[in-house]
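Reader: Before I trust any labels, I'd like to see how they were arrived at. Can we go through them one by one?

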Amino acid sequence: MSLVARVLIDSPLPQLDRLFDYAIPPALEAEAVPGVRVKVPLRTAGRVVEGYLVETVDAADAARTSKPLSEVDAVVSPVPVLPPALYALARRVADRAAGSASDILRLAVPKRMVRAEKAWLLAQAEGGREAAPEASAQAQAWAAGILGAYPDLGPALTDGGRVAVDAPPRPATASGEGREVAVGAWAELLGAMALDTLARGRSTLIVVPDQRDEDQVLQVLEGRAPAGAVVRDDARRSGPERYASYLRLLGGVPAIVVGNRSTVYAPAAEVGTVIVWDDGDPLLAEPLSPGVHARDAALVRQELEGSALVFAGHTRTSDVERLVQLGWVREAPARRRESPAVVLSATREGESRGQRVPSAAFAAARAALAHGPVLVQVSRPGYAPVLVCASCRMPARCPHCTGPLRARRPGAAPDCGWCGRTTLSWTCPHCQGTTLRMASSGSERTADELGRAFPHTRVILADGEHPVTSVDGRPALVVATRGAEPQAAGGYHAVILLDGDRMLLAEQLRIGESALRWWSNAAALARPKAPVHLVGVTGPVARALATWTQPAYARAELADRGPLHMPPTVRVAAVEGAVPSVSTALAALREAVPSLDAAAILGPVPLAAGGVRALVRFDYAHGGPVAESLRASVVADALSGRRARARSDRSAPRTTLKVRLDVPELDL
């Protein structure tokens, strides 16, 4: 019986995002099994390309044409690196996002490393299947104690439920490298869920935004998880290490996989729980096409596999809250509610309105420094990131590229934040003034000012240029930008949140959610009962932090956005390209989905880089037809561009139509 191989070609071209039939020559019948990498000829391009053999079917069942099928040229590797479940996940996720399955697999499957593959094949031949790791009784008891604080969480993990968990906002400690290291209590909660799932013989995927979060989870699992059970999945490792870890997951042995956004696609065996930590972090939004957020990929995977799905964080995004309101995700509250001691600080009578640190926060910092470290969160790095004209207060711009001017240190000539040029002589185009004024304080200037205000006190700077992951328990002023706050041994004795009013000035739809997340994550670093001062902010977002009711704020945001038809109450697709391409795509969309509201399409509007962009707002129920129509338009545009280049001897421009569903952020 002759077989036909159905191959997914690894190509970014949208017209190649389907399965192609190829005949399997007799010499390759033993190796050409589903999941292997293969090389196949591409008639239209006259070359050999790589792809994945997705399935084999009987030649009688394959769709045949009058032309004979081309043959598979070679099997690149005998290892089936594409399990059927991973292809099904990639296909479903890509279809939902109007993208290509090969783009998803490019994120999920590492590049082949021959030495790592040979070592794995040799180990498989010599040792056979690896024994399943078992968590010790002591580790299981520890996990049960942590999960006992959440009565509804344990049953949800066992029954494959979808839950939203508000993590405990306090510091903790873990044993790492023979010493106690500072971690967040949230990392203990995630580790407990993973160990509980491993005790039932199933795998856990822990998806975190960045390296700092990953390190905390790994430190919690160190010494508690059995040897070889924890698999790191991140870009910090070398290519052979990543590929070896991927092959280990293909072995069918349960594991705890900890990594960044692409970990949601890891082919672990018998996945019992998928955990997404802090889904509001923009690092979990995939920038590469088709731009699927880890939260959405986790929802699709849970629907396909029936595993438990946990969204955990110190805050709750409006996306998760929408699912909670629909009943698709259930809340798993703690038996005993924990919250930091948040104080809303403002300038008192007699104090200057421009005073950056009010007297109450200043006094709290002075008292706390007698016992341990104090955290000061600021909005921006650098010394003076914004300069203005001293006469008219207009922002100073670079005379070469119109980028923002900044000062790197006291007395230094300003330079441009875009092109880097130093401006020795500057003139204001509005009032002809020649004097600059510092309009904001970055992390370096704040550290300098606080160092003078608190003499004989250590000042530690933590930002992108000065990364600090942890500090000891000795008195110190730790000045950190949002998201770069280091862990402190035993927790901070006081936390001061500066520049809150400036953070809220950003013209973004989700700026309130983002600011609440920045402040909540910083407040969770304080030791119990330590004061947390939010300076100069009032209103709903400040009250949500002070009362530690982040879910209520998310509910209020949903209520406000519903009448305006803004995400996440609706989905949004961005369609960019040349004017004819975008107009054709929008016309096809109106015809394919006639039930779209008359105001569903916004634009098109011109873009600075050329072309136009239109936004399409649609209900979740229309997601399938909208994605299908837009994807068809992308393919049609690509084919028309190819034919045009062929007619004009390849001088026509390439396809310009780009589609992205669920745009992560809308500027207001």
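Author: Sure, starting with charges: Lys and Arg count as positive and Asp and Glu as negative, while His and the chain ends are not counted. The place of a charge is NZ of Lys, CZ of Arg, CG of Asp or CD of Glu. Keep in mind that this is a predicted model.

Reader: With that in hand, how far apart are the mean positions of the positive and negative charges?

Author: They are 5 Å apart, taking 76 positive and 70 negative charges of the protein.

Reader: What makes the radius of gyration agree with a compact globule?

Author: The rule is 2.2 Å times the number of residues to the power 0.38. For 668 residues that gives a value near 26 Å, and the protein has 28 Å, so the two agree. Along its principal axes, the C-alpha trace spans about 90 × 70 × 45 Å.

Reader: And how much of the protein counts as buried?

Author: Buried means under 20% relative accessible area, and 51% of the 668 residues count as such. The protein still exposes about 30,400 Å², with carbon and sulfur atoms supplying 53% of that area.

Reader: What share of the contacts join residues at least 24 apart in sequence?

Author: That's 72%, counted among contacts between residues at least 6 apart. The fold these contacts belong to has 18 helices and 30 strands.

Reader: Let's pick one strand. How do you know that β13 is mostly covered?

Author: Count its residues: β13 runs over residues 308–313, and six of its six residues are buried. Both faces are covered, with A308, V310 and A312 on one side and L309, F311 and G313 on the other.

Reader: Which strands does β13 pair with?

Author: Two strands count as paired if DSSP finds at least two bridges between them. Strand β6 (residues 162–166) runs parallel to β13 and is joined to it by five bridges. Strand β12 (residues 271–277) also pairs with β13 in the parallel sense, over five bridges. As for individual partners, V163 is bridged to V310 of β13, and W277 to A312 of β13.

Reader: Now a loop residue. Why is P395 called partly exposed?

Author: The label covers values between the buried limit of 20% and the exposed limit of 50%. P395 has 45% relative accessibility, so it counts as partly exposed.

Reader: Where does P395 lie, and what does it touch?

Author: P395 sits in the loop between β17 (387–389) and β18 (405–406). Leaving out residues up to four places away in sequence, P395 touches L387 and V388. From P395 to D499 is 104 residues in sequence and 18 Å in space, C-alpha to C-alpha.

Key. Residues numbered from 1 in each chain as written. Predicted model: local features only at pLDDT ≥ 70, side-chain atom pairs only at ≥ 80, totals over all residues. Heavy atoms only, no water. Helix = DSSP H or I, 4+ residues; strand = E, 2+ residues; numbered from the N terminus. Buried < 20%, exposed > 50% of the residue type's maximum accessible area, 1.4 Å probe, protein only. Contact = heavy atoms within 4.5 Å. Areas by Shrake-Rupley, 256 points an atom, 1.4 Å probe, with all protein chains shown as cover.
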